[in-house]
Amino acid sequence: SSSSPATTRSSRRRRVLMFPLPFQGHITPMLQLAGVLHAHGGLDVTVFHAPVNAPDPSRHPAAYRFVAVGDGNEFAAEAAALIPTGSYGDFPAALMALDALLRVPFEDALRRALAAEEDEDVAACLVVDSNFRGVQAVGERLGVPTLSLRTGGACCLAAYLAFPELCAKGILPPDQLQLDMPLTELPPLRLRDMVLSTTSSHATMATCLERILDSSRCSSGVILNTFNDLENSDLEKIATDLNVPVYAIGPLHKISIGLESSLLTQDRNCLEWLDKQETESVLYVSFGSLASMDREELLEIAWGLVDSQMSFLWVIRPNLAHGSQRVHLPDGFEEAIRGRGMVISWAPQQDVLSHRAVGGFWTHNGWNSTLESICDGVPMICRPHFADQMINTRYVQEVWKIGFELEGKLERETIERAVRRLMCKEEGKEMRRRAKALKNQARISVEKEGSSKTAIDMLI
Ligand code: UDX
């Protein structure tokens, strides 16, 4: 584009280009980051997005530009077919296939965006999801500096960094009989916590992780949705190992307030219901946007919750039951929970977790859920499914001591015991006290001169 002598490249307004992975748990932090860069840094924003799980521009500042990558229904169907629908899909393979599919039309879209740069507005950088190594390489080829957004915790990236070493030592791929072996290289993780997906081959997982690490190493900086006081030693490890700047700028949802990027409609009636419940009396139960389970497990959860005698708010997503679009709750369940239980299909989770009535969270430990729980001082029952969730669970239980894993087969008696342990036993109260201390540290980190606030200023 032409720039007159008066508007040199450095004096022009800066635009940040972003490309999130099209999953709820990745779109949310990317758009929260956009909100922070726009509101605190005065940066203009362009969001490139896949034709599936597209964000809704009407929920974002009018100044943002949204650019759909790839044309036509056929392309959109191809992208949609790659979105895994539950815990049983080959997740790493799907991530790489999406990256490969999207990077081709992204090149055109990026060229057009760069050609249309106006005199007063220049692309400062491209922020990609760290699973988008191919997309990122397009940016590099076209001369745009890149930043890599890790939507998981520092604990996860630190563990992924050790993956090649564990392979070289012959510890991975794992011996199935040794899955409970503690990893001396990565305390408090066990061998099983490094198996990202039980349906994926070792070679696929290794390639997927290699690409994530490449994305970090090839970037001008890695951005993490976490805060120093929570993950200090892993953040230091990452910075030393990667040799690029590392920005811990979370919890993003406590900085980028008022933004709602949910793909499903949130049932806000549950907040009124929570208003009527006693303080810290309700267990919130939700397994994020992707995890799924079979029908028998859902039935055990239903009766375990009933038998616990505790109040609960349970999110049953339409596709939570593996291979089905509807969940049939057992006969007698609704009468049994009347007054003390509520079932909804999607929650305004951040508002739920910050509600005074919520005293515990039974979660799959996706990073967003884990961080949201920590930042509202809510202790957890952990039931991880895949990817980083097992790693997050270990940290919740062993490092922060703000929850515990519900292991083994899901049965109503063990569920009942776990719920009571968290909600009414002294042990659960201690976990809640520790969670509240972390909540306080999270709050301080985003205040003036807090570590995350400072990192955001540096990033901008
Ligand atoms: C995925 C992976 O599973 C996770 O391991 C990875 O760290 C991020 O990507 P997801 O499974 O959806 O994410 O879990 P999570 O990271 O917890 O994100 C779920 C998001 O959906 C949270 O921000 C949560 O607030 C929101 N949510 C969840 C709702 O708004 N309503 C709900 O009812 C449930």
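This report describes two sheets, two helix pairs and the surroundings of a ligand in a predicted model.

## The seven-stranded sheet

One open sheet has 7 strands in the order β3-β2-β1-β4-β5-β6-β7, and their pairing is parallel. Its edge strands are β3 (65-68) and β7 (246-248), each of which pairs on one side only. From one strand to the next, the twist averages 25 degrees.

Within this order, strand β4 (residues 121-129) is joined to strand β5 (residues 146-150) by 4 bridges in the parallel sense. One position can be followed residue by residue: Val128 has Ser148 in β5 as its bridge partner. Two helices pack on the sheet. Helix α1 touches β1 (13-19), β2 (44-49), β4, β5 and β6 (222-224), and the direction of α1 makes about 165 degrees with that of β2. Helix α4 touches β1, β4 and β5, and the direction of α4 makes about 165 degrees with that of β5.

## The pair α3 and α4

Helix α4 also packs with another helix. The axes of helix α3 (residues 91-115) and helix α4 (residues 133-141) come within 8 Å and cross at roughly 25 degrees. Because angles under 35 degrees count as roughly parallel, α3 and α4 are described as roughly parallel to each other. The crossing in which α3 passes α4 is right-handed.

On the α3 side, the contact is made by Asp99, Ala100, Leu102, Arg103, Phe106, Glu107 and Leu110. On the α4 side, the contributing residues are Arg133, Gly134, Val135, Val138 and Gly139. Sorted by class, the residues in the contact of α3 with α4 are 6 nonpolar, 2 polar and 4 charged.

## The six-stranded sheet

A second topic is an open sheet of 6 strands, whose order is β10-β9-β8-β11-β12-β13 with parallel pairing. The edges are formed by β10 (341-344) and β13 (403-405), and each of these strands pairs on one side only. Neighbouring strands of this sheet are turned by 15 degrees against each other on average, direction ignored.

Strand β8 (residues 282-286) and strand β9 (residues 311-315) are connected over 4 bridges in the parallel sense. Opposite Val285 stands Trp314 in β9.

## The pair α10 and α15

Helix α10 (residues 295-308) packs with helix α15 (residues 412-423) at an angle of about 45 degrees, and their axes are 8 Å apart. That angle makes α10 oblique to α15. The crossing of these two helices, α10 and α15, is right-handed.

From α10, the residues Glu300, Ile301, Trp303, Gly304, Leu305, Asp307 and Ser308 take part in the contact. They meet Arg412, Ile415, Glu416, Val419 and Arg420 in α15. The contact of α10 with α15 divides into 5 nonpolar, 2 polar and 5 charged residues.

## Around the ligand

There are 27 residues around the ligand, and those that come nearest are Gly25, Gly288, Gln349, Gly366 and Ser369. Two or more residues of this shell are given by each of the elements α1 (24-41), α12 (349-353) and α13 (367-375). Helix α1 thus appears in two settings: α1 gives residues to the shell around the ligand, and α1 packs on the sheet, where β2 is among the strands touched.

By class, the shell around the ligand consists of 8 nonpolar, 17 polar and 2 charged residues.

Conventions: Residues are numbered from 1 along each chain as its sequence is written. This is a predicted model: local features need pLDDT of at least 70, side-chain atom pairs count only at pLDDT 80 or more; totals for chains, interfaces and linings use all residues. A residue is near a molecule or strand if its C-beta atom, placed from the backbone, lies within 6 Å of it. Ala, Val, Leu, Ile, Met, Phe, Trp, Tyr, Cys and Pro count as nonpolar, Asp, Glu, Lys and Arg as charged, and the others, Gly among them, as polar. Two strands pair if DSSP finds at least two bridges between them. Axes are lines fitted to C-alpha atoms, for helices over the stretch in contact, and angles run from 0 to 180 degrees between N-to-C directions. Angles under 35 degrees count as roughly parallel, over 145 as roughly antiparallel, 65 to 115 as roughly perpendicular and the rest as oblique. A crossing is left-handed if the near helix is turned anticlockwise from the far one by less than a right angle, and right-handed if clockwise. Two residues are in contact if their C-beta atoms, placed from the backbone, lie within 7 Å.
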